[in-house]
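Here are some questions and answers for a reader new to this structure.

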Amino acid sequence: MPPSAKSGGGKSKSGSGPGPNQQRTVQTRSQKAGLQFPVGRIHRYLKQRTQHNVRIGAKAAVYTSAILEYLTAEVLELAGASILLAFLRRLIFAPGNASKDLRVKRITPRHLQLAIRGDEELDTLVRATIAGGGVLPFIHKSLTSSIKPLPKKPE
């Protein structure tokens with residue numbers, strides 16, 4: 001018996017695809033996963049970095065992209081919060097210059113340093129030196145305690 005035109009086997013589903021006159025919309029793997037990070041590029045990088053041509057599954061790239069996107073969003077959110085905190089500090093201590101800092105349009109390495117070191121979990125994850133990040137502000141308690149005035153000597 002010859003195979004019919006509508007066979008049930010295989011991956012082709014008859015009638016489900018676009019017709020001959022319809023254009024098929026291309027959807028990237030990032031769009032399918034609902035991510036902003038490029039799944040295809042990360043998959044390519046994962047394949048390049050393996051030794052002995054080990055097979056890298058498609059889900060590995062999606063999972064890695066999701067992790068990278070989450071960590072990036074977390075750091076950027078904290079860096080934006082550190083910019084706001086710096087603005088509030090300057091508003092309290094130097095009210096004249098505070099209005100200039102609210103219009104910050106760039107996140108500098110200093111903002112990233114303050115955000116990462118301010119978060120306990122990210123600090124343990126990122127144990128690297130951030131170039132241009134500076135150091136965390138720290139003044140020892142013994143230096144800030146009020147010093148009692150010396151008693152006056154009678155003359």
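Q: How many helices and strands does the chain have?
A: The model is a predicted one. Along the chain from the N terminus, the elements run α-α-α-α-α-α-α. The count is 7 helices and 0 strands.

Q: Is R24 buried or exposed?
A: R24 lies in the segment before α1, which spans 29-33. Its relative accessible area is 69%. A residue counts as exposed over 50%, so R24 is exposed.

Q: Which residues gather in a patch of positive charge on the surface?
A: Lys and Arg count as positive. One member of the patch is R24, a residue with a relative accessible area of 69%. The residues that gather there are R24, R29, K32 and K47.

Q: Is A60 buried, exposed or partly exposed?
A: A60 is found in helix α3, residues 58-93. The relative accessible area of A60 is 33%. Buried means under 20% and exposed means over 50%, with partly exposed in between. Therefore A60 is partly exposed.

Q: What separates the C-alpha atoms of A60 and I42?
A: Along the chain, A60 and I42 are 18 residues apart. In space, their C-alpha atoms are separated by 9.3 Å.

Q: What percentage of the residues of the chain count as buried?
A: The accessible surface of the chain comes to about 13,800 Å², and carbon and sulfur atoms hold 58% of that surface. A residue counts as buried under 20% relative accessible area. Of the 155 residues, the buried share is 16%.

Key. Residues numbered from 1 in each chain as written. Predicted model: local features only at pLDDT ≥ 70, side-chain atom pairs only at ≥ 80, totals over all residues. Heavy atoms only, no water. Helix = DSSP H or I, 4+ residues; strand = E, 2+ residues; numbered from the N terminus. Buried < 20%, exposed > 50% of the residue type's maximum accessible area, 1.4 Å probe, protein only. Patch = residues over 30% accessible without salt bridge, like charges linked within 9 Å, V, L, I, M, F, W, Y side chains within 5 Å. Areas by Shrake-Rupley, 256 points an atom, 1.4 Å probe, with all protein chains shown as cover. Salt bridge = Lys/Arg side-chain N within 4 Å of Asp/Glu carboxyl O. Charge placed at Lys NZ, Arg CZ, Asp CG, Glu CD.
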